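Subject: Structure handover

Hello,

Here is the structure we discussed. Please open it alongside this note; my findings follow below.

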Amino acid sequence: MRQKIVAGNWKMNTLVCEGVELVNGIVSKMGEVPSDVRLIVCPPFTHIVSVGDALKGSRVSLGAQNCANQPKGAFTGEVSAAMLKSCCCEYVILGHSERREYYGETSETLNAKMALALENGLKPIYCVGEKLEEREAGKHFEIVKAQIEEVLFNLTPEQMAQVVVAYEPVWAIGTGKTATSAQAQEIHAFIRATLASKFGELAEEISILYGGSCKPSNAPELFSQKDIDGGLIGGAALKADDFIGIAKSY
Ligand code: PGA
């Protein structure tokens, strides 16, 4: 059985007090969420400790949105995987399209981040997805395959077992345009087949999340697809009711 996951990527939103309030709201409604669904919140670095404290004793897990590609040292402004682990983070989002696009993250950088995250006991949520022009040119399979091969194919099966994959078509992120459930299922099945070509049966155990304008109204249809194991949620993760509404979609 694959783990069902609904993860919130808060991006650069909320002040610390707002983040704590948001997470208190989520925790107070956890009774409504089926017990086999894992909820994860990924606040900004500055909120990790306070949000982590607010989550203690609940079924909600803590993640970060990024980590450094170096273990420690003179890298002003960076936050290491070990630091995140020391704040009780369990997950870290790696390779989000905004990091690839605005901060020049390449597969080389991501290989280093992936290795450090895993060495420090963090579970990476590795994001893949094509841009609009790539989909329109019919290149989405090729792009997603390369993003998987260049990073995930370097892992051992033991490491791969720790990874969650998130398919996020760039054209659907924050745009209100969602991939149809058929479009999403098609590429999720392709991602699983690509993983199976390297890792065999392990691919059946890997959770593959959909991300991109996922909300309570479209989550049930998306999550009913065979290869969609949950969602990575941006905008709708900033309201406790919407986030819980999505988690209740199973
Ligand atoms: P969105 O963002 O739900 O606001 O489209 C998803 C993401 O970027 O993870």
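A word on angles first: axes are lines fitted to C-alpha atoms, for helices over the stretch in contact, and angles run from 0 to 180 degrees between N-to-C directions. With that in hand, take helix 9 (residues 181-199). Helix 9 lies across strand 5, strand 6 and strand 7 (208-211). Its direction is at about 145° to strand 7. Please note that this is a predicted model.

Helix 7 (residues 140-151) also deserves a look. Helix 7 lies across strand 5 (123-128) and strand 6 (164-167). The angle between helix 7 and strand 5 is about 150°.

Now the strands. There are 8 of them in a closed barrel, in the order 1-2-3-4-5-6-7-8, and the pairing is parallel. From one strand to the next, the twist averages 30°. For one pair in detail, go to strand 2 (residues 37-42) and strand 3 (residues 60-64). These two are joined by 3 bridges in the parallel sense. Opposite Val41 you will find Leu62 of strand 3.

Last, Ser249. Where does Ser249 sit? Ser249 is in the segment after helix 11 (240-247). Is Ser249 buried or exposed? Its relative accessibility is 15%, and buried means under 20%, so Ser249 counts as buried. A polar atom of the Ser249 side chain lies 3.3 Å from the backbone oxygen of Gly245. Beyond its neighbours within four places in sequence, Ser249 contacts Pro216, Ala219, Pro220 and Phe223.

Best wishes

Methods. Residues numbered from 1 in each chain as written. Predicted model: local features only at pLDDT ≥ 70, side-chain atom pairs only at ≥ 80, totals over all residues. Heavy atoms only, no water. Helix = DSSP H or I, 4+ residues; strand = E, 2+ residues; numbered from the N terminus. Buried < 20%, exposed > 50% of the residue type's maximum accessible area, 1.4 Å probe, protein only. Polar contact = N/O pair within 3.5 Å; in protein donor to acceptor, adjacent residues only side chain to side chain. Contact = heavy atoms within 4.5 Å. Pairing = 2+ DSSP bridges.
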